[in-house]
Amino acid sequence: MQTRFLALLLVLPALIMIVLFFIVPLFASILGAFEVGDSFGLGNFSKSFDLYSRDMIFTVVIVSISTALIGILSIAIGGYLTLGENPRSVAILRWLYRWPMFIPFIVVGQVLRTFLAKNGLMNNILVSLGILTPLQTTGFLDWRGIVIAFVWKQTPFVTLLVAGAMASLDRSTIEAARNLGASRLRILIEIVVPQVSGTLLVGLILSFVTMMSVLSVPLMINAQSPTMLTADIAFRINAHGDYGVANALGVISLLLTAGVALIYLRQTMKDRL
């Protein structure tokens, strides 16, 4: 009993922090989503769907496209790090791909806003090289810019997980496939990827949830409609002080991520078993 009491005392500060700063605000937000005046109802949700149904679809589509591209790029980079035959190229790629992980999302938004604007660095370079004329330039400060920002920021995180899982594989199967004449692409798709699919899935799920919660990127890159739900939540609070609709949008975002969160939990439980 004394050992259990001491163990409880050790974890008590962490439990208090979790309850005060995570559990209580979560339940308060969920409860606030159903508060309509002095009563409870679904008015905030009805208003949310009336005003922001396009933004809900936009958010899911943008995050889904970004997740798919992150998966493809992380497999490609991790595959080259594992199967590449040029040591210098592998070393350079291993050094370069991790840098975006250390850049905050707000800095990513500012950098890409400067880079992707109609008069930004990208178009200025293309004009100076004679590839485009000033009249042919176009900006990417729309849904494309958000996708580029998400993919550029989150691909290194997923790649780090996938490349680590690929590096720990038994090399005998890879060498056997090479001896039988299989190409590197076929080895990657048919042998390597199936063995790291669990790690890849976990990385993509964590990236999906992270992108659903980002506010700075949609505000700085896509200041138009439709936009992402995080921007709508900030707008309802800052412009209207409408915490009911903001809480309802938060609950909707929570439900959108609940599905992928369940997949993550099932995967982690499967790995433990």
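## A guided tour from helix α8 outward

Begin by selecting arginine 186 and glutamate 190 in helix α8, which lie four residues apart and are therefore separated by about one helical turn. The model on display is a predicted one. Show the two side chains as sticks: arginine 186 forms a salt bridge with glutamate 190, and the closest N and O atoms are 3.2 Å apart. With a relative accessibility of 49%, arginine 186 counts as partly exposed. Next, select Lys47, Arg236 and Asp242, which are joined into one network by salt bridges that share partners.

**Further salt bridges**

A search of the whole structure finds six salt bridges. Move to helix α7, residues 171-179, where arginine 171 and glutamate 175 are likewise placed four residues apart, about one turn of the helix. Their side chains meet in a salt bridge with an N to O distance of 3.9 Å. Arginine 171 counts as partly exposed at 34% relative accessibility, and glutamate 175 is also partly exposed, at 34%.

Then select aspartate 142 and arginine 144. These residues form a salt bridge in which the closest N and O atoms are 2.8 Å apart. Is each partner buried or exposed? Aspartate 142 is buried, with a relative accessible area of 15%, because a residue under 20% is classed as buried. Arginine 144, at 27% relative accessibility, counts as partly exposed.

**The largest pocket**

Turn now to the largest pocket, which has a volume of about 520 Å³. Its lining comprises 18 residues; to centre the view, select Ser213, Ile233, Gly250, Ser253 and Leu254, which lie nearest the centre of the pocket. Colour four helices in turn: α1 (2-33), α8 (184-212), α10 (229-240) and α11 (243-272), each of which supplies at least two residues of the lining. Which helix gives the most to this lining? The answer is α11, with seven residues. Colouring the lining by residue class shows 11 nonpolar residues, seven polar residues and no charged residues.

**Aromatic pairs**

For the next stop, display the aromatic side chains; a search of the whole structure finds three aromatic pairs. Select tryptophan 95 and tryptophan 99, whose rings form an edge-to-face pair at 5.7 Å centre to centre, with 80° between the planes. Tryptophan 95 is exposed, its relative accessible area being 56%, whereas tryptophan 99 counts as partly exposed at 46% relative accessibility.

Continue to phenylalanine 105 and phenylalanine 150, another edge-to-face pair, with the ring centres 6.3 Å apart and an angle of 80° between the planes. Phenylalanine 105 belongs to helix α4 (residues 105-116) and phenylalanine 150 to helix α6 (residues 143-167), so this pair ties together parts that are 45 residues apart in sequence. Both phenylalanine 105 and phenylalanine 150 are buried.

**The annotated domain**

Finally, select residues 56-264, the span that an unreviewed UniProt entry annotates as "domain: ABC transmembrane type-1". This span is 77% helix and 0% strand. Mark the C-alpha atoms at the two ends of the span, which lie 22 Å apart.

Definitions and conventions
Residues numbered from 1 in each chain as written. Predicted model: local features only at pLDDT ≥ 70, side-chain atom pairs only at ≥ 80, totals over all residues. Heavy atoms only, no water. UniProt positions renumbered as here; feature names shortened; annotations may be inferred. 1 Å grid on protein atoms, 1.4 Å probe; cavity = no way out; pocket = protein on both sides within 12 Å on 5 of 7 lines; lining within 4 Å. Points joined across faces, edges and corners; volume = space filled by probe spheres on them. Nonpolar A, V, L, I, M, F, W, Y, C, P; charged D, E, K, R; others polar. Salt bridge = Lys/Arg side-chain N within 4 Å of Asp/Glu carboxyl O. Buried < 20%, exposed > 50% of the residue type's maximum accessible area, 1.4 Å probe, protein only. Phe/Tyr/Trp six-rings, centres within 6.5 Å; stacked < 30°, edge-to-face > 60°.
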